[in-house]
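I opened this notebook page to record what I looked up in one protein structure, going from the overall fold to single residues.

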Amino acid sequence: MEKITFNLTELHKYGTAFFEYLALRKQFFVDQLGWDIPHDDDVEMDQYDNPKAYYSLVLKDGKVVAGGRAMATTAQWGSHTYMLRDAVEGKIIGIPNTIVNEVEVTARVWECTRVVVSSEIRDPAESAECLALIVNGLAEQALEQNGTELMALSRPSLLRALRKIGYNPRAIGEPYVNSDDGRRYVAMSMPLVEEIAEKPHHMPVPKATHIAKHSLVHAPIKL
């Protein structure tokens, strides 16, 4: 497996990879979890898929099997900032405005959202490798822009998974139950260390070399 990283100005370099990631998100968050978020028959895409976002995708045999998205907490696009801040400001349906103890607005802190691994990845070791590559790619992009911390809204189990690949996450708010899927979620944060970002799962991390041939976290807007 390998990772690719990009923002919207670079997605054309990777063929249909971005579309595949959006389709994977639709399969998991909409079809499987039943989240009431913007989508059509093929993809899920929301207000945070904008020029402020950065992506880290994992490819296996040239196919996108996992991915995640991140942006600095200073990001703003129209009336939206980043997901957890928008939730605190009452712009997100279903996420309580008490989700974090403190709203961050600094280039040092980045928010990670829409982390997903394909159901085709059944081996726990491969799943852990996917998570490590996703975080590796997001960490690299954040570190390049002086980011030092990554925050996210996630299942509590993700904190345990991140610890297994070398990170030190902590909860930064009280958990809540999502009304769409009945699962518990909590806001978390963790420091980014360059040594870990280079090799987060203590295994060799392949360089991103894939360029596809041209032919490859929950935030509805409150109305």
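The entries below begin with the whole chain and then turn to a charged patch and a glutamine.

Entry 1, overall make-up. I noted at the outset that the model is predicted. Counting the secondary structure, I found 5 helices and 8 strands, and reading from the N terminus I wrote down their order as β-α-β-β-α-β-α-β-α-β-β-β-α.

Entry 2, burial and surface. I looked up how much of the protein is covered, and 51% of its 223 residues count as buried. The accessible surface came to about 10500 Å², with 50% of that area belonging to carbon and sulfur atoms.

Entry 3, a charged patch. I asked which residues form a positive surface patch, and the list I obtained was Arg 155, Arg 160, Arg 163 and Lys 164. Following up on Arg 155, I located this residue in the loop between strand S5 (149-154) and helix H4 (156-164). Its relative accessible area is 31%, and because this value falls between the 20% and 50% cut-offs, I entered Arg 155 as partly exposed.

Entry 4, Gln 141. Is Gln 141 buried or exposed? I first placed Gln 141 in helix H3, which spans residues 124-144. Its relative accessibility is 8%, and since the limit for burial is under 20%, Gln 141 counts as buried. Leaving aside residues up to four places away in sequence, I listed the contacts of Gln 141 as Thr 5, Phe 6, Tyr 54, Tyr 55, Ser 56 and Trp 110.

Conventions: Residues numbered from 1 in each chain as written. Predicted model: local features only at pLDDT ≥ 70, side-chain atom pairs only at ≥ 80, totals over all residues. Heavy atoms only, no water. Helix = DSSP H or I, 4+ residues; strand = E, 2+ residues; numbered from the N terminus. Buried < 20%, exposed > 50% of the residue type's maximum accessible area, 1.4 Å probe, protein only. Areas by Shrake-Rupley, 256 points an atom, 1.4 Å probe, with all protein chains shown as cover. Patch = residues over 30% accessible without salt bridge, like charges linked within 9 Å, V, L, I, M, F, W, Y side chains within 5 Å. Salt bridge = Lys/Arg side-chain N within 4 Å of Asp/Glu carboxyl O. Lys, Arg positive; Asp, Glu negative; His and termini not counted. Charge placed at Lys NZ, Arg CZ, Asp CG, Glu CD. Contact = heavy atoms within 4.5 Å.
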